[in-house]
Amino acid sequence: LGSRPTLTSRLKQATMKAVILALALGGADALRATPRMGLLSGLFGGNKGTILTESPAGKKQDFLEASPYWDQSTVPVNTFKNKSPYTAKVVSCKRIVGPEATGETCHIIFDHKGNMPYWEGQSYGVIPPGTNPKNGKPHTVRLYSIASSRYGDNMAGKTSSLCVRRATYWDPDMGKEDPAKKGVCSNFLCDATAGEQVKMTGPTGKVMLMPEEKADTDYIMVATGTGIAPYRGFIRRLFTETTPAGEAYKGLAWLFLGVANSDALLYDEEWQAAKSKFPDNFRVDYALSREEKNKKGGKMYIQDKVEEYADEIFERLQNGAVMYFCGLKGMMPGIQDMLKEVCRKKGLTYDDFVADLKKKGQWRVEVY
């Protein structure tokens, strides 16, 4: 992949304009509060809250690797269980969507002091404080895909991040949100402040790991909303950090993200930076359901965007690509129908085709 240059001049200019505007409006405090700052959002919160956009000069992220780096026999699983969770501290919690987004999504960084290691694609459990009013028992664990590489956003290996959408319920009869039906854990996390303690379990899961042994493997990553989380870890590992996997990588990482509108896009600055630095190895396509139309004139959902590239995706799968799905399960029927049609045109049986992909580890699903 060659040397890793600084961010593109276009991205720098856009970032500096945002910085100057925020400072003019209200100094550093206004800058911290500005939504959608993305790459800069953590830079004013101290070392642990820093979101680095490239490896520090002369430093590599190679100190949390297996030997060889692609060997998955030592992946940490269930280091901390429900009955004995780890208590992490919140470093920062920042809104990462614009004012016109449908709902609020936050990026939350936790300090685990290096005691809760994980790999890209795994999940943490969070146990919200308090008790369930229905039975008086402590709240149960909620699972969230980890949204950072194993090195964390500041690349020191002692923090982790989650991407959380605040779950609310609009009551049509009341004409407002019903606080009694809000998501207990998501609201706890989105309201978290620096220094707050959070009980966490895990890490769990191996389904969404990257098989890194073959450096030319294509990764096709399909997400809706916060399902973007594991892919952020992938992309930072491959293109942002100086890791053994990134230095060796020769394949194509292709991201599909479906959200309602432009203000709801997640981590766009990071994707554009990766695309600028590695145009031959990274692609990104968005499906904006409230701003774009599909070929039939309807709303552009994630399955419609993937369908635009059906033949190319099918060919890459036949050549060994790994396809991931993370987010709302409602996207799966459309994806499956699209591939069924491609299989029909090619004289193949869809069920056999997908069964073969699963057997080879090329079809990985984590939807809810």
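**Exercise 1. Is V141 buried, partly exposed or exposed?**

Solution. The model is predicted: local features need pLDDT of at least 70, side-chain atom pairs count only at pLDDT 80 or more, and totals for chains, interfaces and linings use all residues. Residues are numbered from 1 along each chain as its sequence is written, and side-chain values use heavy atoms, with hydrogens and water left out.

Step 1. Set the classes. Buried means under 20% relative accessible area, exposed means over 50%, and partly exposed lies in between (1.4 Å probe, protein chains only).

Step 2. Apply them. V141 has a relative accessible area of 27%, so V141 is partly exposed.

Step 3. Place the residue. V141 sits in the loop between strand 3 and strand 4. Helices (H or I, at least four residues) and strands (E, at least two) are DSSP runs, numbered from the N terminus.

Step 4. Check a C-alpha pair. V141 and G125 are 16 residues apart along the chain, and their C-alpha atoms are separated by 5.7 Å.

**Exercise 2. Place S161 and find its class.**

Solution. Step 1. S161 belongs to strand 5.

Step 2. Its relative accessibility is 0%, so S161 counts as buried.

Step 3. Look along the chain. A229 is 68 residues from S161, and the two C-alpha atoms are separated by 8.9 Å.

**Exercise 3. How many disulfides does a search of the whole structure find?**

Solution. Step 1. Recall the chemistry. A disulfide is a covalent bond between the sulfur atoms of two cysteines.

Step 2. Set the cut-off. A pair of cysteine sulfur atoms within 2.5 Å counts as a disulfide.

Step 3. Search. The whole structure yields zero disulfides.

Step 4. Test one cysteine. The closest cysteine sulfur to that of C106 belongs to C190, and the 3.7 Å between them is too far for a bond.

Step 5. Add accessibility. C106 has a relative accessible area of 2%, so C106 is buried. C343 is buried too, at 0% relative accessibility.

**Exercise 4. Describe the cis peptide bonds before P68 and P203.**

Solution. Step 1. S67 and P68 are joined by a cis peptide bond with omega of about -5°. P68 lies in the loop between helix 1 (9-33) and strand 1 (86-95).

Step 2. From G202 to P203 the peptide bond is also cis, with omega near 0°. P203 is part of strand 8 (residues 197-204).

**Exercise 5. Locate two positive phi values in residues other than glycine.**

Solution. Step 1. N78 has phi near 55°. N78 is in the loop between helix 1 and strand 1. At 34% relative accessibility, N78 counts as partly exposed.

Step 2. K113 has a positive phi of about 55°. K113 is in the loop between strand 2 (105-111) and strand 3 (123-127).

**Exercise 6. How many salt bridges are there, and what do three of them join?**

Solution. Step 1. Set the rule. A side-chain nitrogen of Lys or Arg within 4 Å of a carboxyl oxygen of Asp or Glu makes a salt bridge. The count comes to 21.

Step 2. Take E104 and R166. Their closest N and O atoms are 2.8 Å apart. This pair links distant parts of the chain, 62 residues apart: E104 is in the loop between strand 1 and strand 2, and R166 is in the loop between strand 5 (159-165) and strand 6 (170-171). R166 is buried, at a relative accessible area of 16%.

Step 3. Take D153 and R236. Their side chains meet at 3.9 Å, N to O. D153 lies in the loop between strand 4 (142-145) and strand 5, and R236 lies in helix 3 (residues 229-240), so this salt bridge ties together parts that are 83 residues apart in sequence. Both residues are buried.

Step 4. Take D356 and K360. Their salt bridge spans 3.1 Å, N to O. D356 is partly exposed at 33% relative accessibility, whereas K360 is exposed at 55%.

Step 5. Follow shared partners. Salt bridges join E65, E120, R150, E212 and R237 into one network.

**Exercise 7. Which residues gather in a patch of positive charge on the surface?**

Solution. Step 1. Set the patch rule. Members have over 30% relative accessible area and no salt bridge; like charges are joined within 9 Å, and nonpolar side chains (Val, Leu, Ile, Met, Phe, Trp, Tyr) within 5 Å. Lys and Arg count as positive and Asp and Glu as negative, without His and the chain ends.

Step 2. Name the members. R165, R290, K293 and K299 gather in this patch.

Step 3. Examine K293. K293 is in the loop between strand 11 (282-288) and helix 6 (302-307). Its relative accessibility is 59%, so K293 counts as exposed.

Notes
Areas by Shrake-Rupley, 256 points an atom, 1.4 Å probe, with all protein chains shown as cover. Charge placed at Lys NZ, Arg CZ, Asp CG, Glu CD.
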